[in-house]
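Work through these exercises with the model on screen. Try each task before you read its solution.

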Amino acid sequence: MSATNNPATTALYASELPNSTTEEQLQEFFNNYGNVKHVKIFTRTTTKSAKISFSTKEEAEKVLKETSGLKFLDKPFKITWNVDRTRNNDSSIVVNNLPQSTEGTPLLKNVLQKFGAVTNIRFIKSNNNNNPNGNQNNNSQNDTRAIVYFQTSQSAQAALHDHSWCHLLGPKVTVTATVSGGPRQGGPSSAGPVELAVLPPYLLYSHDDDNCLKSSESYAILKIQPGFLAFYNTPEIALQVAAASNGKATGKVTSDIFFQALREIEKRTVFVGCLSGTSEAEVAAFFEQAGPIASLRFNARTATIQFKTIEDREKAIKFNRQIFGQQVKPIIVTPYFDHNLQQSQCGLLQFNELPASTKIDDLAGEFSQYGEVLTASICPNALGQNPTGFVLFSKYEDAVKAKTTNTNYINVFLYPGLHPSEAVGFFLDSNTAPNNCLAIYDVTDKNILEELRGYGYVLTSFIISNTAFAYFSVESTAVEAYKALKEKGKTVELLSGNVLIAAFNSLRNIALPIEWQYSFLYVTSLPGEIGNKDLRTILTERLGCQIDSCFIGLAPASGLSSETAAVLCSSMQFAQLAGNLASYAQGSKVQLFMSRLGYTAHAPPQKYRLPTTPGANNSGARSYGAMNQQPQIGGRQQQQIAPREWIKQFVLLNFAAQEENLRSTIDNLTVNQAYQLTRDFSTFTAWIEGLVAKINA
């Protein structure tokens with residue numbers, strides 16, 4: 001029976017939609033022609049498609065006639081009756097990024113036959129029209145994919161979940177699931193395979209029935225949209241449950257479900273860094289104090305640990321900066337941030353003239369009043385001046401609040417918003433930045449420097465405000481001294497310069513705020529004896545500059561100046577004054593700081609999350625209007641998103657609990673009212689906050 005003859009058909013299928021399309025945009029568009037009950041988006045490689053459900057077949061038929069030939073987001077699209085598109089090809093897999101030389105040889109078949117009989121292999125070139133997903137790939141080394149057909153679905157499932165064979169075919173080879181796709185109008189599909197995401201092998205998904213997931217076999221079953229997600233102790237248990245489910249439980253899911261699953265995993269996972277001399281068994285035993293571990297990925301210096309509950313993960317985070325087993329220095333424990341998921345930007349504060357008596361835990365504790373602190377560190381120098389401190393906040397706006405509110409420190413630099421996993425990496429060990437400096441606090445005996453030399457060769461040592469600093473020639477000697485002093489009851493930290501060098505280098509690879517464009521300077525050939533305080537004094541007292549902050553780069557292994565510096569002036573006029581630095585720092589050269597991604601308009605510090613808008617530049621930064629220095633969120637020239645849709649997305653991001661109550665008010669806005677509200681961000685936030693206050697009253 002065709003879709004048009006089926007009295008139960010109440011859904012349409014829209015294809016060739018822009019990749020930026022959201023379900024809310026489609027809901028608003030089709031509500032102009034009929035009463036939309038439900039929208040479901042399917043993601044392809046370069047476009048999206050969607051199933052739009054209506055109350056009755058007659059209404060769907062009316063919408064089909066009225067929308068055929070129209071444009072959506074200023075682009076043509078196709079609209080047809082919806083046909084069931086979920087015929088699973090459980091006995092086939094897609095092998096991606098194969099070297100061209102693989103085709104015509106038995107290599108692929110030989111590698112995969114260990115999982116079961118291979119009945120057919122179809123090679124597809126991704127740089128021609130045979131590519132089922134339409135990708136254009138000019139990489140001559142890895143531009144071939146293959147659909148491999150097994151005799152049984154069990155063989156295909158085994159090959160899908162055991163990725164160990166991929167590297168035998170090439171360094172970039174991956175495997176994905178297949179499902180027949182494309183809108184079929186009374187005939188077989190010709191669109192070829194559509195890639196589905198593959199869940200980790202210990203997870204299964206069921207669309208509408210959690211009974212098939214066997215709660216007795218799993219340690220957690222979660223309700224996600226639109227079905228259920230189950231966690232199992234081993235992949236083998238998950239495979240057994242899937243085999244007994246008659247196809248209801250699967251590891252192959254659409255992208256939206258896949259990303260929900262990744263987010264649930266992320267909520268239960270921690271990242272551990274700065275491991276040294278510690279075995280995987282010791283790491284497991286230590287962290288099992290927080291709760292049962294679901295999985296542990298370990299290498300010599302880092303580990304990623306997934307717990308069975310969110311509560312146990314929170315306990316594990318409190319193990320930050322502890323020492324256990326054969327570990328010789330404090331570990332770093334932070335929340336795990338998945339690179340595959342969109343993350344809020346974090347904020348990094350750098351204290352360029354930190355009081356020498358400040359300890360890492362005290363620094364983190366002081367600034368935790370402003371928001372969640374992921375980690376903190378101190379970077380010493382060998383110039384006999386105060387060290388540099390670092391505090392990493394999970395939210396950029398908390399770092400902004402800390403800088404503007406806390407007046408206990410001078411010369412504080414706030415980095416532009418950073419991806420959290422990248423920023424956490426600044427705090428890890430590095431071969432180029434050894435942990436070869438000790439800070440010994442509360443020193444009363446000035447002979448401590450002589451005592452330190454007894455452990456090995458010391459490059460530089462000095463005392464500031466009852467805190468002794470010593471750079472050893474090699475890390476092993478510093479570690480030995482650290483352990484010995486700890487055993488004597490001394491308050492001592494083992495420090496590294498990696499945070500400073502990594503954070504400083506990152507400024508070359510991120511988009512910098514547009515307001516810095518003519519006031520952020522880079523200094524070279526700076527005399528080696530000049531430190532942060534010296535540089536600030538020259539700029540402010542001798543040249544009369546007003547600056548936000550300034551800091552020099554350090555050679556991490558020695559703590560000596562790299563003879564480079566960054567200076568953020570208060571305005572372009574003061575940046576021009578700073579150009580005379582050579583008058584007091586002989587030989588120094590001043591130029592504008594150049595980033596590989598240039599300068600761009602960043603959103604001003606906000607307490608609200610903003611919907612992503614089309615037209616973002618390559619750095620991922622949004623483009624905003626200039627009205628009141630706030631984002632101009634309405635207007636088709638700024639973005640191809642209707643004001644009413646923008647408001648709905650804003651509510652979902654910031655007032656999800658009140659979304660149902662707010663929906664009718666937003667739907668009842670006239671087009672002009674929605675447009676005027678979104679012209680000025682202050683006006684808009686005052687309006688939405690007033691509505692929320694009434695709801696909560």
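**Exercise 1.** How many aromatic pairs does a search of the whole structure find?

*Solution.* The search finds 32. Rings of Phe, Tyr and Trp (its six-membered ring) pair if their centres lie within 6.5 Å; planes under 30 degrees apart are stacked, over 60 edge-to-face, the rest tilted. The model is predicted: local features need pLDDT of at least 70, side-chain atom pairs count only at pLDDT 80 or more, and totals for chains, interfaces and linings use all residues. Residues are numbered from 1 along each chain as its sequence is written, and side-chain values use heavy atoms, without hydrogens and water.

**Exercise 2.** Classify the pair F30 and F77, then place both residues.

*Solution.* Start with geometry: the centres are 6.4 Å apart and the planes 90 degrees, hence edge-to-face. Next, location: F30 lies in helix α1 and F77 in the loop between β5 and β6, so the pair ties together parts 47 residues apart in sequence. Helices (H or I, at least four residues) and strands (E, at least two) are DSSP runs, numbered from the N terminus. Finally, burial: F30 and F77 are both buried, meaning under 20% relative accessible area with a 1.4 Å probe, protein chains only (exposed is over 50%, partly exposed in between).

**Exercise 3.** Which residues of helix α5 are buried?

*Solution.* A238, V241 and A242 are buried. They fall within an arc of 100 degrees seen down the axis, so they line one face of α5. The arc is taken over directions from the helix axis to the C-beta atoms. On the other side, Q240 and A243 are exposed.
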